Protein chains: 2
Amino acid sequence: MKNLVGACMFGQSGGPTSVINASAAGVITEALKQKNITAVYGAAHGIKGILDEQFFDMGKEDLQEIMLLKNTPSSALGSCRYKLKDASVDDTDYKRILEVFQKYNIRYFFYNGGNDSMDTCNKVSKYLLSVGYECNIIGVPKTIDNDLYGTDHCPGYASAAKYVATTMMELNLDAKVYDKGQITIVEIMGRNAGWLTAAAALASYKGLGADLIYLPEIPFSADKFLADVKRVADANNGKCIVAVSEGIKTEEGVYVAEALSAAKAKDNFGHTQLGGLAANLAQLVSERIGGKVRGIEFSLMQRCGAHIASAVDVEEAFLAGQTAVRAAVDGETDKMVVFERDMSDGSYKCNLKLMPVDLAANTEKTVPLEWIVNDGTMLSKEFVDYALPLIQGDSKAPLEDGLPRFARLKKVIAAH
Amino acid sequence: MKNLVGACMFGQSGGPTSVINASAAGVITEALKQKNITAVYGAAHGIKGILDEQFFDMGKEDLQEIMLLKNTPSSALGSCRYKLKDASVDDTDYKRILEVFQKYNIRYFFYNGGNDSMDTCNKVSKYLLSVGYECNIIGVPKTIDNDLYGTDHCPGYASAAKYVATTMMELNLDAKVYDKGQITIVEIMGRNAGWLTAAAALASYKGLGADLIYLPEIPFSADKFLADVKRVADANNGKCIVAVSEGIKTEEGVYVAEALSAAKAKDNFGHTQLGGLAANLAQLVSERIGGKVRGIEFSLMQRCGAHIASAVDVEEAFLAGQTAVRAAVDGETDKMVVFERDMSDGSYKCNLKLMPVDLAANTEKTVPLEWIVNDGTMLSKEFVDYALPLIQGDSKAPLEDGLPRFARLKKVIAAH
């Protein structure tokens with residue numbers, strides 16, 4: 001554990017969330033306070049910005065704008081999806097990172113993202129250790145998928161979950177308004193873990209959610225799905241609301257989205273088809289059950305809906321950034337910030353801890369199978385008890401002309 | 001002008017909005033206060049509920065729940081899309097309405113909806129006048145399409161516009177986050193009038209909206225569209241955000257959504273295709289320009305997103321309901337409530353007036369062509385000045401467990 005003196009580099013990576021910038025605000029404000037940190041840089045488009053020597057001098061920003069980041073969605077510094085090769089295979093990128101870090105005397109590195117980003121964090125950390133370049137590196141977790149190992153939950157999940165639950169309640173009222181039935185199929189993000197789709201159950205427990213919920217954790221059978229939908233619709237004047245994860249897979253492990261598209265393409269003499277899972281499932285229901293069917297995709301809105309962010313999530317995301325900086329300055333490295341739920345006094349509290357970053361890299365935490373009930377179509381009360389404390393409170397940008405006033409960064413390119 | 005004594009009937013009709021229940025709250029609370037009104041009934045599923053003698057006794061509801069209607073989206077009493085035949089062709093429905101009105105001594109009728117609903121209102125009014133049944137009838141306007149004639153704007157529009165503008169700002173930040181380009185095509189509701197799609201321009205004027213906006217008011221050319229998109233994308237590192245109305249039409253007056261679906265169906269040997277306009281335009285762009293393209297539909301969310309309702313809209317919708325009741329009790333009939341903008345003291349104020357309901361029935365008000373600029377791809381400052389005062393302030397349901405606490409009506413079927 002070394003107390004280093006030098007500049008710090010911060011980067012954002014992977015799919016944006018409503019609160020990744022809240023973590024940025026936590027990192028930046030805390031780093032600017034530390035006397036051991038001589039400069040605070042924000043990488044443009046994550047690791048790509050380091051490789052390209054494109055990063056911003058955060059010391060040149062107004063503090064007020066940095067604080068507005070707390071309620072500004074998406075990644076203000078830009079993001080990337082860039083996977084580093086193993087250094088043993090090709091160390092070109094690592095040498096370049098080392099070169100840039102040396103040039104700017106970067107002794108602190110904070111990287112904010114999900115599994116892939118923690119993989120980057122881990123690889124850079126291990127490489128710099130191997131070459132003896134002293135740099136304290138801490139990963140800051142972020143993902144609407146909530147699938148990072150070793151942490152109770154991930155910043156970004158709760159706000160997306162709040163969007164999903166609130167919107168499901170509103171959709172329930174809308175989709176059931178007519179005297180005639182309608183089957184509504186809502187597609188929710190999450191490739192391999194069903195946490196976000198499960199949030200539709202929070203609305204169900206309020207009596208205004210999905211009737212049926214399908215997660216990737218349970219193999220998907222089209223025949224069972226059709227029978228489930230028909231049963232619910234028959235019992236409810238033709239009305240049925242389904243929440244389905246984009247990541248549902250067949251028994252054989254094939255994504256249903258791809259299987260349905262492939263079937264349609266084949267059916268149509270090889271023409272490829274656009275159109276998401278919701279639209280394809282809606283078509284299937286329409287053909288096999290009939291009636292009015294509507295497919296809805298929450299698309300990007302579920303991950304950038306900062307106007308309905310959870311106050312708990314925003315504060316925890318900020319705290320995660322702040323904690324990363326404090327830990328690094330105290331000499332910690334090669335770690336990721338994790339959240340530990342503390343219910344010792346009967347109500348929800350969250351403690352921030354550190355975990356070796358390699359444990360988080362490329363692992364996935366899925367929804368416990370025992371929380372998936374009703375023959376694989378609903379979440380149990382245990383899930384509700386888990387998720388509900390995370391979505392409490394509202395936190396949003398101030399209004400200007402009735403619209404959100406998001407942060408406006410100057411983005412001054414760092415000079416050497 | 002007759003001051004009648006008797007029961008009142010209220011109905012909601014057509015597509016739901018975020019604030020149609022705010023008008024319901026205005027009608028119901030005001031009607032319950034009037035000593036000339038002996039009972040307050042709410043029709044289940046609009047005019048259908050009257051024909052089926054299915055309506056609720058609103059006097060049996062808790063006042064607190066009625067007030068929660070102000071922030072509860074969709075139509076709490078249920079809606080319908082039921083078009084009355086001309087009485088000269090078939091007066092069966094009218095005789096039935098008269099029978100029910102007589103049975104319950106209904107002397108006040110308030111109907112809340114858009115063009116088609118005002119047509120219903122007008123026809124019922126004219127029929128009852130023709131048979132000499134005294135009943136004061138006032139239409140309460142509502143439509144996210146904002147296309148009713150004779151009123152500055154319609155309740156429901158502003159909240160949907162606020163959803164569109166806010167979400168476009170969030171999407172802009174999300175869709176432009178990567179170092180690589182993405183063309184994003186967002187489909188917004190509005191079959192014949194572009195008011196709601198135009199709201200994307202409010203975000204554009206904040207620097208975070210659509211680059212290109214296409215309304216049904218201007219004939220759509222796919223070639224020009226592709227050239228526009230390519231020009232913007234080429235100038236912006238492959239990034240371009242498009243807002244497009246579901247109602248755009250070709251020079252020949254054919255809906256582009258239908259033309260594209262038909263072309264695909266033909267191309268695919270007669271198989272019909274599901275998938276909306278955004279998906280089809282995205283496919284076109286992908287084939288003709290290439291790169292990453294994403295189609296997004298705001299779908300039902302734009303009309304039921306009560307969590308982001310405009311405070312101005314909620315209050316005006318409530319006031320419209322209240323005004324309808326007061327006018328009817330004062331002896332007015334065969335009218336619709338309209339809004340008149342008053343900028344006499346330099347800031348926005350809205351006066352409520354009455355207009356003959358037949359003027360509103362089945363007419364459509366479109367966006368002035370002189371407000372559509374940049375070769376048919378953007379809205380002028382005049383539009384921004386028109387729309388901005390309407391979306392001011394937040395108004396939303398109280399939170400319960402971090403989720404909206406919507407009204408829960410008992411819906412006690414009215415006894416004769």
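Colleague: Where is the place of Asn146(B) in chain B?

Modeller: Helices (H or I, at least four residues) and strands (E, at least two) are DSSP runs, numbered from the N terminus. With that naming, look just outside those runs: Asn146(B) sits in the loop between strand 5 (136-141) and helix 6 of chain B.

Colleague: What kind of model is this, and how are things numbered?

Modeller: Residues count from 1 along each chain as its sequence is written, chains are lettered from A and ligands numbered from 1 in the order in which they are written, and side-chain values use heavy atoms, with hydrogens and water left out. Local features need pLDDT of at least 70, side-chain atom pairs count only at pLDDT 80 or more, totals for chains, interfaces and linings use all residues, and the model is predicted.

Colleague: Is Asn146(B) buried or exposed?

Modeller: Its phi is positive, about 60 degrees, although Asn146(B) is not a glycine. Buried means under 20% relative accessible area, exposed over 50%, partly exposed in between (1.4 Å probe, protein chains only). Asn146(B) has 0% relative accessibility, so it counts as buried.

Colleague: And what is the phi of Ser74(B)?

Modeller: Ser74(B) lies in the loop between helix 3 (63-68) and helix 4 (92-103) of chain B. At 1% relative accessibility, Ser74(B) counts as buried. Its phi is positive in a residue other than glycine, near 65 degrees.

Colleague: What relation links chain B and chain A?

Modeller: Superpose the copies by least squares on the C-alpha atoms of residues with pLDDT of at least 70 in both. Chain B then lands on chain A with an RMSD of 0.0 Å, after a turn of 180 degrees and a shift of 0.0 Å along the axis. That is the relation of a two-fold axis.

Colleague: How many residues does each chain bring to the contact?

Modeller: Contact means heavy atoms within 4.5 Å. The copies meet through the same surface, because 100% of the interface residues of chain B are also interface residues in chain A. Chain B gives 68 residues, and chain A gives 68 residues.

Colleague: How many salt bridges are there between chain B and chain A?

Modeller: A salt bridge puts a side-chain nitrogen of Lys or Arg within 4 Å of a carboxyl oxygen of Asp or Glu. Glu400(A) and Lys206(B) form one, their closest N and O atoms being 3.1 Å apart. The count between the two chains is 10 salt bridges.

Colleague: Which helix of chain B gives the most to the side that touches chain A?

Modeller: Elements giving two or more residues to that side include helix 10 (256-267), strand 9 (293-297) and helix 6 (157-175). With 11 residues, the one giving the most is helix 6.
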